[in-house]
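Please find my notes on this model below, as numbered points. They cover a surface patch, a histidine site and a strand with its partners.

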Amino acid sequence: MPEPRDPQNPAQPAGPPPGTWVIGRVRGIRLTMRFTWLPVAMLLAIGFAAIIGQQFPDLGGWRYLAAFAFVVAFTLSILVHELAHALMAMRFGIPVSEINLGFFAAGTHIEGERKSPFEEFAVSVVGPVASLIVGGLAYLGSRAFDEGVGYVALWELGIANLIVGVTNLLPGLPLDGGWVLRAAVWKLTGNMHTGTVVAAWAGRVLALLVLSAPVLIEEIWNRQPSFIDFIIAALVGWFLWMGSTASLMQARLRRKLPALQVRTLARRAIAVHSGTPISEAVRLAGASQAGAVVVIDGDGKPHALVSESAVTAVAPNQRPWTTVSEVATRIGAGHIIGINDTGEEILATVREHPASEYLVLDATGAVYGVLATADIERAFRGR
């Protein structure tokens, strides 16, 4: 399913998440796989091998190889599902950085927002449709076999993909169907935020229905639920509840983006030469009521920043003998931000070029101040 970036963590790294293998690239999209794939794959293969062994006892140990091949084929079908999301997003010009594979939490990391309800609908619905197509083809392929391992494997693969496709179309976040519902509400109301809230609450309703599923099964079909039924319901319900709750939080945070402005968040800064003692820089900053220090070269051009933590790390009695250049951090590529940047532009800079502080220049290219990541995070929490 498509996963937008979390605005609550604007400085999150662009690299692969911890606990994953990088297995390759497709159309520039990094493919990763969770370390948990292998043990889960082995468990699923053992379970499927038992089914094959009951139907084809003559296979002997080969049933394990056949079962593992089925698990690999199912993983590839998940990749098809996620690639459908990614390629559709790229068709609309939306960047996609990564596809992370796993049996229960695969995701496509889409870097930008969909610009219209139609784009939202197309990117979201194409994944389940791809799973339904793969499931249908696998089922039709099984008809070519009257019996045997090929028939069982293709039939099971078809059913598995049909389940994935139908389940993902359920109308509630974080499922694909939830994003489809968001697109529909967005189209009807003209408000993307309203669509997110409605789809997230629908996801919470789905979570409660899943949690109560074992009891409903007993009441409606008069079947005694097993312990495994309760475990599965708890895991799936927890996944849906946490995903829908996270979507609600992101919706609230995104409402704050237009109010975030570099002009109001930036700390006033003073410019000093590299040989200036820290004590003198602190005195000048206090006199000017500035909250940051920028180090300039002989031509008056800024080239480094002095953070508050760097000053604090120097003992007061050492500050007259320590120059700002000894504790300054050079301004790196991408660590300069415009005074008129707002919301999404701020988050894009912080996400693509992580740093603790950024130099802010005004419209003429002169030093305006310094924007600290800590101030951005406080703005998110406090507004």
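1. In this predicted model, V129, I133, L137, Y139, L140 and W155 make up a nonpolar patch on the surface, with an area of about 570 Å². Helix α3 (residues 117-142) supplies the largest share of the patch, five residues.

2. W155, also part of the patch, sits in helix α4 (residues 149-168). Its relative accessibility is 33%, so W155 counts as partly exposed; the class lies between the cut-offs of 20% for buried and 50% for exposed.

3. H335 lies in the loop that links β9 (329-330) and β10 (336-338). Is H335 buried or exposed? H335 is buried, because its relative accessible area is 18% and the limit for that class is under 20%.

4. Which residues does H335 contact, apart from neighbours within four places in sequence? They are H353, P354, A355, Y358 and L359. With P354 there is also an approach of 3.5 Å, from the side chain of H335 to the backbone oxygen of P354. That distance is worth noting when the polar contact is assessed, since the cut-off is within 3.5 Å.

5. Strand β4 (residues 96-101) is largely enclosed by the rest of the structure, because six of its six residues are buried.

6. β4 has pairings with two strands, β3 and β5. With strand β3 (residues 29-34) the pairing is parallel and has four bridges; there, T32 has N100 of β4 as its bridge partner. With strand β5 (residues 107-110) the pairing is antiparallel, again over four bridges, and I99 is bridged to T108 of β5.

Methods
Residues are numbered from 1 along each chain as its sequence is written. This is a predicted model: local features need pLDDT of at least 70, side-chain atom pairs count only at pLDDT 80 or more; totals for chains, interfaces and linings use all residues. Side-chain values use heavy atoms; hydrogens and water are left out. Patches are made of residues with over 30% relative accessible area and no salt bridge: like charges are joined within 9 Å, nonpolar side chains (Val, Leu, Ile, Met, Phe, Trp, Tyr) within 5 Å. Accessible areas come from the Shrake-Rupley method with a 1.4 Å probe; for residues, only the protein chains shown count as cover. A salt bridge is a side-chain nitrogen of Lys or Arg within 4 Å of a carboxyl oxygen of Asp or Glu. Buried means under 20% relative accessible area, exposed over 50%, partly exposed in between (1.4 Å probe, protein chains only). A polar contact is a pair of N or O atoms within 3.5 Å; within protein, one must be able to donate a hydrogen and the other to accept it, and residues adjacent in sequence count only if both atoms are side-chain atoms. Contact means heavy atoms within 4.5 Å. Two strands pair if DSSP finds at least two bridges between them.
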